[in-house]
Amino acid sequence: MPVTFHIPGALREFTGGRSEVDVGGSPTTLADALSALWSSYPGIRDRMTTEQGEIREHINVFIGDENVRYTGGLMSRVTDGTKITILPAVSGGRL
Amino acid sequence: MASALARAHDRGIVHRDFKSANILVTPEGLVKVLDFGLARQVGAQVFEASTKSFATIESGSSVSGTLPYMAPEIFRGEPADYRSDLWGLGVVLYELASGRLPFEGRTGFEISSAILRELPTPLGPPVPPGLWSVIQRCLAKEPTQRYQRAGEVQAALEAVQSGAIAAPEPDRVAPPKTTILHNVRHVRVRKGDFLLLVGTTKGAFILKSNLQRSRWEAGGPYFHGYSVYALAYDNRKGRHRIWASTQNYWGTWLRSSDDYGKSWTTPQDQTIRFPADTGLSLKNIWQITLGGSDQPDVMYCGVEPAALFVTNDDGATWSLVRGLFDHPHRPRWMPGNGGLALHTVVLDPSDRQRMYVAISSGGVYRTTDGGATWTAQNRGIRAINMPNKYPEFGQCVHKIVLHPAHPERLLLQNHWGLYRSDDYAENWKDIANGVPSDFGFAMIMHPRNPECAYIVPVESDEFRCTCDGRMRVYRTRNAGGSWEPLLRGLPQKGAYETVLRDALSADTLDPLGIYVGTRSGQLFGSRDEGKSWGRILEGLPPVLCVRSVLVEDTAADLPGTTTTRFVPASTRSTRATSKTKTRRRKK
């Protein structure tokens, strides 16, 4: 079973409209899984991260229900069947 | 270390004495952070004690004081918070990476002064650029510019370690997609139409009229939910292209439309990007300035953090203007209320080598060699925020304008202060004669009359609203010798309006049309050079910028218009509220 990404509405333009996409290649860390996602759907990388490679300030990534900022960041473990969710933070909707 | 701090911060504990001497590596390789709870014992006492001497790490003796690890806000008398610990973490990381402290000095005064004012010497290879950028962000002078949580530093360091995303791939630029906007109200544009492009905090609108400019149709919102700080219309080389800078939590994107908003380019990879060695990332594009008609593929973008980017291939690739970025003043520019932004780019139409930029807060800079070298040009401009009221640079300039037929003449709206230069910005003269306030943001020059300019004064720094609740545009017809209020048709009661720096705009018609958008979402226009005004639209999100377009070539048979499901625009000036839905165009 591959790793599944849940894609927010704003990024579905880059996944052909799909809200869930699977990535293969047996990733073991979040970093591996993201690399696979970005190589299949290039428009997503620069929307998730800055040009310095940091996850954007108001974007959160969850493995299951856990925000990866508190579970080891990009080195968080993923296994077959892991569900990863990308979401903007509530703090992002300013003005 | 970052994870220990993250755990402490999660429990509401600020360490306040984070330094290498407090970090222990156990024989098992476990990193422990010591001395939690000493927070209240540090502070003033340590400050005194630590002025004696500072042994370096290399000498093997322990660092007795904590002065070299103290964050600048502590010297400014502000309370320490989590972010002060992140500064300390930045100092320790610098020490670990280089074997020396980022801020050194022989006396406590020298050290504290370096912490407050100097930038650390950059760390090149073998220190990975990703690590250097993490350190730089920890060592930002302003706590708001640092990471806000230790968990973020931890995640960033792990990213560097994994190498997965810390090594950006600037060379990879996937071609942009095209997005056709359905279910957005569009305006159908023909030759001879007159348009207003309006950028707001939540999207852009296109307003259409004819040369009479009395009835308006509204199209939009484009870029639903994105702030549009800059818009430009490119009619060079027979184009009819709208450029827009769009920003929200998914980043800042430069997009363009060749069919008046029906379809837009959607870049896959960010094209305006700070190189890895700068450690910076793009926050916003404040200004899009087109090169002259003899340079039809040249464009400039003024961005935040303050820098200038240029393209020579019609926006396909962009590069950082290093001559300005490497200016020795840059580390001393300070962010204004809107961040540290290069918000205005002015080209001299008579000399392609000469251009000006305005930086908040850095002041005016000029190049006379096409961008290779830059000089501060602020002589005579008062800086209320500095102890020396007339410094070489550091002024918070809000807008500069240049008269195309008299390029030696520039006018300037400062954060307090109105100025004129008649010598290419060599010297500035105060022209705040008869205005209710010399604070303001917006300023435009009459395209034909070099004696005539318009501003919208606001009351003060603290109260950035039109004076006395009366909305008045002020005009000078003697280059600042005197100013007169223009108010007929503008609200004169309870009108606490703010007009931002690019929300005042003029067209090129005769008599001149002037347009002004407010933060309360109203748009006013005058067709008689400002004598009388009418409300064009209300109920918009806060207006950031307004640009006018006279459609001179035919646009009736543009590609794409027939394949788009067209939602007819109302003939009345109503707010467009339909939801944006995007779909990728099949190639």
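User: New to this one. What radius of gyration would a compact globule with 95 residues have, and what does chain A have?

Analyst: This is a predicted model, to say that up front. A compact globule with 95 residues would have a radius of gyration near 12 Å, and chain A has 12 Å, so the two agree. Along the principal axes, the C-alpha atoms of chain A fill a box of roughly 40 × 30 × 25 Å.

User: OK, and which helices and strands does chain A have, in what order?

Analyst: Chain A has two helices and five strands. Starting at the N terminus, the elements go β-β-α-α-β-β-β.

User: How much of chain A is buried?

Analyst: Buried residues account for 39% of the 95 residues in chain A. As for contacts in chain A between residues at least 6 apart in sequence, 53% of them join residues at least 24 apart.

User: Switching to the place where A and B touch. How many residues does each chain put in?

Analyst: Chain B gives 34 residues to the contact and chain A gives 29 residues.

User: Which parts of chain B supply that side?

Analyst: On the side of chain B that touches chain A, α6 (129–138), α7 (150–162), β3 (177–182) and β32 (581–584) each supply at least two residues. The largest share is from α7(B), with eight residues.

User: And what kinds of residues are on that side of chain B?

Analyst: The side of chain B that touches chain A has 14 nonpolar, 14 polar and six charged residues.

User: What domains is chain B divided into?

Analyst: Chain B is split into domain 1 (2–162) and domain 2 (177–584). Their contact takes seven residues from domain 1 of chain B and five residues from domain 2 of chain B. The domain 1 side of that contact divides into three nonpolar, two polar and two charged residues.

User: I'm looking at helix α4 of chain B. How far does it reach, and what span is expected?

Analyst: Helix α4 (residues 82–98) of chain B has 17 residues and reaches 25 Å from first C-alpha to last, close to the 24 Å expected at 1.5 Å a residue.

User: Is α4(B) mostly covered or mostly exposed?

Analyst: Mostly covered: 14 of the 17 residues of α4(B) are buried. Just after α4(B) comes G99(B), which takes a positive phi of about 80 degrees.

User: New topic: where is Y365(B)?

Analyst: Y365(B) sits in strand β17 (residues 363–367) of chain B.

User: Why does Y365(B) count as buried?

Analyst: Y365(B) counts as buried because 27 other C-beta atoms lie within 10 Å, and the cut-off for buried is 20 or more.

User: What does Y365(B) touch?

Analyst: Leaving out residues up to four places away in sequence, Y365(B) touches L324(B), V357(B), I359(B), W374(B), T375(B), A376(B) and Q377(B).

User: How far is L412(B) from Y365(B)?

Analyst: Y365(B) and L412(B) are 47 residues apart in sequence and 13 Å apart in space, C-alpha to C-alpha.

User: Last thing: what scores does the model get?

Analyst: The model scores ipTM 0.94 and pTM 0.74. For chain B, pLDDT averages 86, and 87% of the residues score at least 70.

User: Where in chain B does pLDDT stay under 50?

Analyst: One stretch is residues 164–170 of chain B, for which the model has 24 contacts beyond four places in sequence. Another is residues 554–587 of chain B, with 67 such contacts.

Key: Residues numbered from 1 in each chain as written. Chains lettered and ligands numbered in written order. Predicted model: local features only at pLDDT ≥ 70, side-chain atom pairs only at ≥ 80, totals over all residues. Contact = placed C-beta atoms within 7 Å. Helix = DSSP H or I, 4+ residues; strand = E, 2+ residues; numbered from the N terminus. Nonpolar A, V, L, I, M, F, W, Y, C, P; charged D, E, K, R; others polar. Buried ≥ 20, exposed ≤ 12 C-beta atoms within 10 Å, placed from the backbone. Expected span 1.5 Å × (residues − 1). Domains from an automatic or database assignment. Rg over C-alpha atoms; globule rule 2.2 N^0.38 Å. pLDDT = per-residue confidence, 0-100.
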